[in-house]
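Here is a walk through one structure, taken a region at a time. Have the coordinates open and follow along.

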Amino acid sequence: MRELTFKGYLLSQLQELSGFNSTSLYSFSQLACNNARLKDALTLYLVMYTEENLKGKLLKKFDYLNSSCERLKGLNYDNAKTYLQNDNLSEYRTIYNNFLYQRNHKEQENRLKMMMYRKISQVKQVKGVSNYRIYKELNLNHGNVNAFLKNGDTSKVSLDSARKILAFVNEYEPMKKSL
């Protein structure tokens with residue numbers, strides 16, 4: 001899976017906020033006149049990723065974008081984090097922070113699943129719970145559960161499944177054998 005880029009994120013935001021599955025900056029510019037969130041995402045895209053010739057044509061035709069683009073003059077991907085810390089640019093900082101959250105979400109989720117894996121392994125050993133018991137009782141895919149429980153492969157289970165497994169092993173009571 002490819003890593004999410006800010007350019008790709010902005011384009012997806014433009015498409016989502018406009019309701020058009022397009023890459024036409026002209027169409028986005030027409031719609032952004034009445035949509036502040038679309039205008040903010042469009043402004044960032046224009047300033048950071050649009051060649052000067054095209055940007056000049058769009059700014060000439062849609063002059064309401066001029067003041068927004070002027071506010072972001074000097075912004076580029078390398079200085080975005082520090083540039084957008086200015087209090088006057090909070091709407092753009094929000095877009096950038098949402099991008100960072102989305103880009104890092106999978107990594108954070110995998111760290112959380114790894115912490116759950118460690119706890120599950122400890123509790124499993126203490127209570128003597130088998131992998132078979134876990135995936136049968138929870139009705140989960142045995143191959144994926146085994147890959148997770150034996151090797152710590154966090155890509156094989158969802159966060160929800162890891163939570164279910166953790167809850168199950170924490171609540172598990174081994175059956176007493178009668179003589």
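Leaving aside its neighbours within four places in sequence, which residues is Gln15 in contact with?

## Starting at Gln15

Keep in mind that this is a predicted model. Gln15 sits in helix 1, and once its neighbours within four places in sequence are set aside, Gln15 is in contact with Phe20, Asn21, Ser22, Thr23 and Phe28. For a sense of scale, pick Arg71, which is 56 residues from Gln15 along the chain: the two C-alpha atoms are separated by 23 Å.

## Helix 1 and its buried face

Helix 1 has 13 residues. From first C-alpha to last, helix 1 reaches 18 Å, close to the 18 Å expected at 1.5 Å a residue. Right after helix 1 comes Gly19, with a positive phi near 85°.

Which residues of helix 1 are buried? They are Phe6, Tyr9, Leu10, Gln13, Leu14, Leu17 and Ser18. Look down the axis of helix 1 and these buried residues fall within an arc of 150°, so they line one face of the helix. As for partners, the buried residues of helix 1 pack against helix 2 (25-32), helix 3 (36-49) and helix 7.

## Rings in contact

Aromatic pairs are worth a look here, since a search of the whole structure finds 12 of them. Take Phe6 and Tyr96: their ring centres are 5.2 Å apart and their planes are at 85°, so this pair is edge-to-face. The pair links distant parts of the chain, with Phe6 in helix 1 (residues 6-18) and Tyr96 in helix 7 (residues 90-127), 90 residues apart. Are these two buried or exposed? Phe6 has 2% relative accessibility, so Phe6 counts as buried. Tyr96 counts as buried too, at 7%.

Tyr96 also pairs with Phe99, and this aromatic pair is tilted, at 6.0 Å centre to centre with 45° between the planes. Tyr96 and Phe99 are separated by about one helical turn because they are three residues apart in helix 7. Phe99 is buried, as is Tyr96. Step back and there is a cluster: ring pairs link Phe6, Tyr9, Tyr45, Tyr49, Tyr77, Tyr96 and Phe99.

## Thr50, in a loop

Tyr45 turns up again at Thr50. Where does Thr50 lie? Thr50 is in the loop between helix 3 and helix 4 (52-61). With a relative accessible area of 9%, this loop residue is buried.

A polar atom of the Thr50 side chain lies 3.3 Å from the backbone oxygen of Tyr45. If you leave aside the neighbours within four places in sequence, Thr50 is in contact with Leu25, Tyr45 and Lys55.

## Salt bridges

Now for the charged residues. Side chains of opposite charge can pair when their charged atoms come close. How many salt bridges does the count come to? The count is seven.

One salt bridge joins Glu3 and Arg103, whose closest N and O atoms are 4.0 Å apart. The Glu3 and Arg103 pair links distant parts of the chain: Glu3 is in the segment before helix 1 and Arg103 is in helix 7, 100 residues apart. Glu3 is exposed, with a relative accessible area of 61%, while Arg103 counts as partly exposed at 26% relative accessibility.

## Bridges within a helix

Further along helix 7, the side chains of Lys106 and Glu109 meet in a salt bridge at 3.6 Å, N to O. Being three residues apart in helix 7, Lys106 and Glu109 are separated by about one helical turn. Is Glu109 buried or exposed? At 16% relative accessibility, where the cut-off for buried is under 20%, Glu109 counts as buried.

Helix 10 (residues 159-171) holds another bridge, between Lys164 and Asp160. Their side chains meet at 3.6 Å, N to O. Lys164 and Asp160 are four residues apart in helix 10, so about one helical turn separates them. Lys164 counts as partly exposed at 42% relative accessibility, and Asp160 counts as partly exposed at 44%.

Conventions. Residues are numbered from 1 along each chain as its sequence is written. This is a predicted model: local features need pLDDT of at least 70, side-chain atom pairs count only at pLDDT 80 or more; totals for chains, interfaces and linings use all residues. Side-chain values use heavy atoms; hydrogens and water are left out. Rings of Phe, Tyr and Trp (its six-membered ring) pair if their centres lie within 6.5 Å; planes under 30 degrees apart count as stacked, over 60 as edge-to-face and the rest as tilted. Helices (H or I, at least four residues) and strands (E, at least two) are DSSP runs, numbered from the N terminus. Buried means under 20% relative accessible area, exposed over 50%, partly exposed in between (1.4 Å probe, protein chains only). The expected span of a helix is 1.5 Å times one less than its number of residues. The arc is that of the directions from the helix axis to the C-beta atoms. Contact means heavy atoms within 4.5 Å. A polar contact is a pair of N or O atoms within 3.5 Å; within protein, one must be able to donate a hydrogen and the other to accept it, and residues adjacent in sequence count only if both atoms are side-chain atoms.
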